[in-house]
Amino acid sequence: MSLRKRQRSVSSSRLTTLSSPSPHDAAAAASPPLSFPNADLILRLHLDLDPCPDEDDAGLGAGEDLRGPATSLDLHVSSSSLLRSRYFAALLSDRWSPAPSSTAGGGHGHLSLAVAAPYSCSHPFHAHVEVVRLLHTLDFAGAIRSPGDALDVLPVALQLLFDACVEACTRFLEAVPWSAEEEARVLELAPLLPADEASDLLARITPPPAASPSAAGGEAARSPSEAMLHGLIHSAIHGHPVPAATKAFVAMLLKDYPSRDCVQKVLDEAFLSRLETVKELMGKYASPDFRVAVDSDEREAIQRLNLQSAVLNVRHLLWLIERMVDMRVADNAVMLWSEQAALTADLQKLLNDVDMWKNITPGLPVLVTRCTLRFANSVATGETVVPRQVRMKLVKSWLPVLNVCRNMVQPMQCGYKSPNCQELEETFLQIISTLPVPDAQELLQQCLGFSTRNVDDCPHLVAAFKTWFRRLHKAPKIERPWNKC
């Protein structure tokens with residue numbers, strides 16, 4: 001008696017990944033054996049295109065179905081091996097009986113299994129034959145050598161409830177890398193897998209649940225993305241053997257990350273942390289209590305360490321500033337930088353102690369100027385848009401530091417200016433031109449130090465004052481249309 005069990009359909013793309021040989025080579029190509037040891041049953045695989053073949057066709061050989069060649073395949077199998085599949089075990093337990101001896105196959109019973117595969121596929125039965133082979137051999141290591149092998153076999157193993165094969169496939173997939181296409185196939189199969197095995201596979205592509213604020217010490221917990229970006233920034237800044245290459249790579253990842261809000265949040269946190277460190281170190285240098293409490297030799301050693309650490313952290317700040325400006329997420333950082341009156345006062349105190357900074361941190365004035373210049377340029381060009389109060393505070397807070405730095409970057413000839421200082425002067429004057437007339441008046445009076453003995457050497461300062469006077473004496477008279485009524 002021919003028994004038929006129509007299986008749950010599985011995407012044919014998961015069953016037909018073999019290359020297609022030419023018709024002339026098909027017969028000679030190496031193919032799975034059609035007979036297994038201790039065979040006592042004929043298992044017919046047939047394409048699930050039309051109703052299953054009639055019992056009258058049971059004696060036809062492989063590939064001789066009435067619908068044409070390659071639509072069915074007979075396998076001589078061992079019923080005891082099939083019992084490793086819970087599907088076949090149930091099918092054979094009480095409903096199967098051997099076919100009459102007159103049936104083709106020399107007394108073997110017959111079993112029919114539908115295969116969901118396109119008619120055009122050259123090897124529509126490949127995955128099913130592999131699973132049947134594994135039912136007989138249990139040679140999972142030999143059959144599953146790539147993610148593609150596991151993904152071909154797994155759907156059939158799931159259909160046939162072949163638990164050992166399902167476990168072997170999922171264990172292999174969990175341990176090896178996937179391509180993007182393989183990952184998509186894993187996602188398709190995951191809902192069909194047992195919960196434990198599915199969770200093992202999905203762990204690499206499913207973020208863990210976010211920690212509650214109470215578990216994070218009362219602070220808002222970072223999302224996995226934020227935690228990863230935070231760790232990357234920390235690695236780029238601290239102690240990597242190749243810092244330049246690492247910083248360039250992390251900068252690329254930050255720039256390509258799709259969520260600008262997430263990147264801004266992480267960069268703001270890193271910027272605030274470095275800024276607080278610089279403020280603390282500079283505060284220690286400027287503290288009168290420290291100067292009195294420690295003897296001169298010990299004080300000098302400690303000050304040297306503090307100032308060198310401050311320079312290192314200002315370098316980190318500059319890298320973070322460049323990232324924020326490039327990604328146009330520097331508005332919060334500009335606001336913070338504009339509010340550093342205490343820091344600028346400490347910096348002025350240090351820069352006025354010429355012997356100290358020249359002997360210990362000769363690069364500090366340049367670094368501070370570059371940080372301020374990067375922010376100021378982004379504001380002047382519109383890359384970073386901030387309210388006029390912030391623009392005014394930015395110039396007002398850092399203009400005194402610029403005035404001290406101008407002639408202390410390096411030993412200079414009379415009238416010579418550092419390129420960074422010259423550019424920062426011009427940028428500050430551009431920002432001042434965006435302010436209301438009274439605010440511009442207040443700040444321009446503090447810019448007289450930009451002048452040199454030769455007026456031709458400071459055209460930017462001359463232009464700024466001319467612009468202010470022009471606006472003062474030629475204020476436009478604007479008539480509103482509704483005022484004419």
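Q: Before the salt bridges, what does "partly exposed" mean here?
A: A residue is buried under 20% relative accessible area and exposed over 50%, and partly exposed covers what lies in between. With a relative accessible area of 46%, Arg86 is therefore partly exposed. The model is a predicted one.

Q: Which residue does Arg86 form a salt bridge with?
A: The partner is Asp163, and the closest N and O atoms are 2.8 Å apart. This pair links distant parts of the chain: Arg86 belongs to helix H3 (residues 86-94) and Asp163 to helix H7 (residues 163-175), 77 residues apart.

Q: And Asp163, why does that count as partly exposed?
A: Because its relative accessibility is 41%, and the partly exposed class runs between 20% and 50%.

Q: What about Asp152 and Arg185, buried or exposed?
A: Both Asp152 and Arg185 are buried. Their side chains meet in a salt bridge, at 3.0 Å from N to O. Asp152 is in helix H6 (residues 147-159) and Arg185 in helix H8 (residues 180-189), so the salt bridge ties together parts that are 33 residues apart in sequence.

Q: Where do Lys393 and Glu339 lie?
A: Lys393 is in helix H19 (residues 388-405), whereas Glu339 is in the loop between helix H15 (331-338) and helix H16 (341-352). They form a salt bridge whose closest N and O atoms are 3.6 Å apart. Lys393 is partly exposed at a relative accessible area of 37%, and Glu339 is partly exposed at 42%.

Q: How many salt bridges are there in the whole structure?
A: A search of the whole structure finds 13. Glu322, Arg323, Asp326 and Arg374 are linked in a network of them.

Q: Changing topic: how many residues of strand E2 are buried?
A: Seven of the seven residues in E2 (residues 41-47) are buried. On one side these are Leu41, Leu43, Leu45 and Leu47, and on the other Ile42, Arg44 and His46, so both faces are covered.

Q: Which strand does E2 pair with?
A: E2 pairs with strand E3 (residues 72-77) in the antiparallel sense, over six bridges. His46 stands opposite Ser72 in E3.

Q: Last one, helix H18. How far does it reach from first C-alpha to last?
A: H18 (residues 364-381) has 18 residues and reaches 26 Å, close to the 26 Å expected at 1.5 Å a residue. Its buried residues include Leu364, Leu367, Cys371, Phe375 and Val379.

Q: What follows H18?
A: Gly382 follows, and its phi is positive, near 85°.

Definitions and conventions
Residues numbered from 1 in each chain as written. Predicted model: local features only at pLDDT ≥ 70, side-chain atom pairs only at ≥ 80, totals over all residues. Heavy atoms only, no water. Helix = DSSP H or I, 4+ residues; strand = E, 2+ residues; numbered from the N terminus. Expected span 1.5 Å × (residues − 1). Buried < 20%, exposed > 50% of the residue type's maximum accessible area, 1.4 Å probe, protein only. Pairing = 2+ DSSP bridges. Salt bridge = Lys/Arg side-chain N within 4 Å of Asp/Glu carboxyl O.
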